[in-house]
Every structure is written in C-alpha cells, then in structure tokens.
Amino acid sequence: MMRIRGWAVQMLLAAMLSAVVAVPVLAQSSQELLAAAAAGRVEELRGLLAAGADPNARNAIGRPAIVVAAFQGNRRTVQALLAAGADANLADERGMTALIAAAAFGHLELIELLLSVGVDVNQASTTGATALVAARRGQHARVTELLLAAGATEPEAEAEEGAAGDDPAQAAEK
C-alpha cells in the first residue's frame with residue numbers, strides 16, 4: 001500500500017479547492033466584462049481581459065459581449081474585444097451579430113471597424129434578417145451604401161418577409 005505524505009495531500013486539496021473556486025471567479029469576471037462592454041468602460045474592459053476574462057463571454061440570455069457593445073455603438077469597446085480575440089461573427093441565440101446591431105442603429109464607424117476585420121457581411125439572424133435589412137429598416141442610407149459596397153447582397157424576398165418580426169431595436173432592449 002502506498003503511503004501519501006502530508007504535503008502531497010495538501011497539494012492535492014489545494015488544487016481541488018482552486019478548481020472549485022475558479023468557476024465562480026470566472027463567472028464574476030464575465031459579468032463584469034459584460035457590464036463594462038455595455039457601458040463602454042473600455043479601460044475596465046481591457047483590465048478584465050488582461051486578467052483572463054473571456055472576450056466571447058455571454059450574458060444570461062446568451063448575448064455575446066461584442067454584440068452588447070455594438071448595440072451601444074461602443075467602437076473602442078468592440079475594438080478592445082477584437083484585439084483580445086473576440087469572434088467578430090459571434091451571434092446570440094436569435095442570430096443577432098455585432099454587425100446587424102450596429103447597422104440597425106446606424107453606427108457607421110463601428111461598421112467600418114467590423115468590415116475591416118473581415119466580418120461576414122451577409123450573416124443572417126435566425127429569421128433571415130441581415131445587416132443590410134437592419135440598415136434599411138433604420139433608414140440609414142450611408143450604412144446601406146457601405147454594406148452594399150462591402151458585398152452585402154439583397155436577401156431573398158421570403159427571408160426579408162420572415163425577418164419582419166426580428167427588429168434589432170427591440171432586441172436591444174433584451
């Protein structure tokens with residue numbers, strides 16, 4: 001029978017305890033990151049990212065930090081998330097992306113940033129709404145022109161009709 005020394009037991013217990021404690025700490029840092037992203041507190045966000053927070057963290061309803069920041073038009077926040085490795089095409093459960101959110105509210109500079117990192121200009125929500133559809137609904141002519149110049153294509157008529165209930169402005173309230 002192998003005898004375990006006291007220090008080995010202490011090391012094992014310490015490792016197990018740190019694993020248990022790490023889960024709530026990571027959850028807390030994700031919530032802090034999401035709050036900073038929503039409020040545009042870019043320096044706080046950078047600090048959280050430097051401390052190991054996940055740049056692709058999601059809130060309680062599954063909305064990624066990058067989409068939360070895009071709804072608010074927080075270009076610097078989105079830029080910090082991207083620099084930390086956030087996925088520019090990440091979507092929530094309804095398919096809402098940072099580009100669709102930014103297009104819905106006419107955040108032109110943010111859209112330029114997203115396009116510069118190669119975001120999928122034709123990615124659609126679960127109802128078929130694209131950034132182009134969102135920009136048109138919001139009557140953002142310059143955004144519409146920019147998206148078309150970047151290769152956005154007209155959605156099929158039935159997808160556009162099906163997207164009628166998917167209003168990004170309403171989604172921002174959630």
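This tour goes through a predicted model one selection at a time, from the whole chain to a single buried helix and two helix pairs.

**Whole chain.** Select everything and colour by secondary structure. The protein holds 10 helices and 0 strands, so the order of elements from the N terminus reads α-α-α-α-α-α-α-α-α-α. Switch to colouring by burial: 40% of the 174 residues count as buried. A surface representation covers about 9,500 Å² of accessible area, and carbon and sulfur atoms account for 56% of that area. For a contact map, take pairs at least 6 apart in sequence; 70% of those contacts join residues at least 24 apart.

**Helix α3.** Select residues 65-72, which form helix α3. How many of its 8 residues are buried? The count is 7, and the helix is mostly covered. Show side chains for the buried set: Ala65, Ile66, Val67, Val68, Ala69, Ala70 and Phe71. Then move on to Gly73, which follows α3 and has a positive phi, near 75°.

**Helices α4 and α6.** Next select residues 75-83 for helix α4, together with α6. Their axes cross at roughly 15° and come within 9 Å of each other. Angles under 35 degrees count as roughly parallel, which means that α4 is roughly parallel to α6. The crossing of α4 past α6 is right-handed. Show side chains on both sides of this contact. On the α4 side are Arg75, Val78, Gln79 and Leu82; facing them from α6 are Glu109, Leu110, Leu113 and Leu114. Coloured by class, the contact of α4 with α6 shows 5 nonpolar, 1 polar and 2 charged residues.

**Helices α6 and α8.** Keep α6 (residues 108-116) and add helix α8 (residues 141-149). At what angle do α6 and α8 pack? The angle is about 10°, and the axes lie 10 Å apart. The two helices are therefore roughly parallel to each other. For the contact itself, pick Leu108, Ile111, Glu112 and Leu115 in α6, then Arg142, Val143, Leu146 and Leu147 in α8. By class, the residues of the contact of α6 with α8 are 6 nonpolar, no polar and 2 charged.

**Last view.** Display α4, α6 and α8 together. Helix α6 takes part in both pairings: Leu110 is one of its residues that meet α4, while Ile111 is one of those that make the contact with α8.

Notes: Residues numbered from 1 in each chain as written. Predicted model: local features only at pLDDT ≥ 70, side-chain atom pairs only at ≥ 80, totals over all residues. Heavy atoms only, no water. Helix = DSSP H or I, 4+ residues; strand = E, 2+ residues; numbered from the N terminus. Buried < 20%, exposed > 50% of the residue type's maximum accessible area, 1.4 Å probe, protein only. Contact = heavy atoms within 4.5 Å. Areas by Shrake-Rupley, 256 points an atom, 1.4 Å probe, with all protein chains shown as cover. Axes fitted to C-alpha atoms, helices over the stretch in contact; angles between N-to-C directions. Parallel < 35°, antiparallel > 145°, perpendicular 65-115°, else oblique. Nonpolar A, V, L, I, M, F, W, Y, C, P; charged D, E, K, R; others polar. Left-handed = near helix turned anticlockwise from the far one by under 90°.
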